[in-house]
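Please open the model in a viewer and keep the selection panel at hand. The tour proceeds by selections, each followed by a description of what is found there.

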Amino acid sequence: MFDGVGLVQLDMVSLFPPTFRNRENGMCPDLANMLWQLHPKFMRFPGGCFVEGQESPDNAFRWQRTIGPVEEREGHWNVNWGYRTTDGLGYHEYLQLAEDLGAKPLYVVNVGIWHGGQTPYDSIQPWIDECLNALEYANGPVSSKYGAMRAKNGHPEPFGIEYLEVGNENNQPDPRQQSDHYYERYEQFYNAIKAKYPDMKIIGNVVAWGDDNPKWGSSLPVDLLDEHYYRSPDWFADAFHKYDSYDRQGPKVYVGEYAVTNGYGTLGNMNAALGEAIYMMGMENNADVVELASVFVR
């Protein structure tokens with residue numbers, strides 16, 4: 001309520017109903033409850049292209065700008081999808097949601113590439129430092145700088161990130177397609193992360209489009225390979241045996257994004273659902289190779 005006559009400027013307004021698990025700055029209970037009913041084993045965040053941003057590194061997901069009091073968060077342009085995000089759903093909230101869902105957090109980091117530009121691959125130490133600081137926030141003791149920040153934000157216990165993906169779709173043969181010296185970037189991240197977190201499972205990028213059978217084109221060690229497929233219902237049905245012949249001695253597979261994106265009618269149809277279901281059964285039959293899979297939702 002305001003008394004008197006004059007101009008009132010409101011800098012930030014946040015109105016919340018009850019939230020899932022009654023978390024401060026938490027999730028809509030109806031949507032989060034539907035996720036919980038799926039019993040997910042892990043949650044990949046903060047997403048795909050959202051990690052990279054577009055036009056400028058300032059439009060990438062910069063985790064440290066997304067924590068703390070919501071009224072102090074800068075927010076940024078989510079140019080990829082065409083709107084501004086307040087970053088009210090930030091790094092801490094993603095970690096808290098994963099914990100509340102009983103899911104392991106899988107964090108995707110930027111390797112110094114955004115849609116339309118990149119930091120030179122031999123000058124990416126600031127991006128590596130940003131990644132290590134994020135891991136310290138999630139996993140570090142309260143005696144550490146960022147572990148203390150986590151405790152201040154209401155979660156003294158570590159969140160326990162076990163999976164980390166180095167980049168998102170950044171390993172295309174054409175460097176103009178959000179790709180540049182991926183393996184050189186990957187090696188720097190891998191060495192820095194493993195030096196501090198030797199048990200961290202590191203996920204590498206393989207070709208994300210234009211190849212139905214992408215391979216890891218390096219001798220560098222990698223725990224899992226992230227395959228992305230956006231195809232027709234027939235393609236998915238025909239891929240039922242795709243993983244039958246995969247090398248059992250090679251890296252495990254993480255099918256990070258897959259969805260029928262053509263031949264599905266206007267709002268989806270039975271062929272699309274069956275195609276994805278057949279593909280999923282093929283992954284389940286080869287669970288010794290396909291360790292993780294997550295359907296794409298936007």
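## Enclosed spaces

This predicted model holds 3 cavities of 30 Å³ or more. The two stops that follow concern the largest and the second largest of them.

**Stop 1: the largest cavity.** Select Pro46, Val51, Phe61, Trp63, Tyr107, Val108, Val109, Asn110, Trp127, Glu130 and Cys131, which form the lining of the largest cavity. The volume enclosed there is about 80 Å³. Colour the selection by residue class: 9 of the lining residues are nonpolar, 1 is polar and 1 is charged. Which secondary-structure elements each supply at least two residues of this lining? They are β4, residues 104–109, and α4, residues 125–139.

**Stop 2: the second largest cavity.** Next, select Asp58, Ala60, Arg62, Arg65, Thr66, Glu74, Gly75, His76 and Asp87, the residues lining the second largest cavity. Its volume is about 50 Å³. Colouring by class here gives 5 charged residues, 3 polar ones and 1 nonpolar one.

## A strand and its partner

**Stop 3: strand β1.** Select residues 42–45 and display the side chains. Phe42 and Arg44 point one way from β1, while Met43 and Phe45 point the other way. Are these four residues buried or exposed? All of them are buried, on either side of the strand.

**Stop 4: β1 with β4.** Add β4, the strand already met at the largest cavity, to the selection. β1 and β4 run parallel and are joined by 4 bridges. To locate one of the bridge pairs, centre on methionine 43 of β1, whose partner in β4 is proline 105.

## A helix with a buried face

**Stop 5: helix α5.** Select residues 145–152 and look down the helix axis. Tyr146, Gly147 and Arg150 are the buried residues of this helix. In that view they fall within an arc of 105°, and therefore they line one face of α5. Lys145 and Lys152, on the other side of α5, are exposed.

**Stop 6: the cover over α5.** What lies over the buried residues of α5? Select α3, residues 91–101, together with α4; both are among the elements that cover them. Helix α4 thus appears twice on this tour, since α4 also supplies at least two residues to the lining of the largest cavity.

**Stop 7: after α5.** Finally, move just past the end of α5 and select glycine 154. The backbone of glycine 154 takes a positive phi of about 105°.

Key
Residues numbered from 1 in each chain as written. Predicted model: local features only at pLDDT ≥ 70, side-chain atom pairs only at ≥ 80, totals over all residues. Heavy atoms only, no water. 1 Å grid on protein atoms, 1.4 Å probe; cavity = no way out; pocket = protein on both sides within 12 Å on 5 of 7 lines; lining within 4 Å. Points joined across faces, edges and corners; volume = space filled by probe spheres on them. Nonpolar A, V, L, I, M, F, W, Y, C, P; charged D, E, K, R; others polar. Buried < 20%, exposed > 50% of the residue type's maximum accessible area, 1.4 Å probe, protein only. Pairing = 2+ DSSP bridges. Arc of directions from axis to C-beta. Contact = heavy atoms within 4.5 Å.
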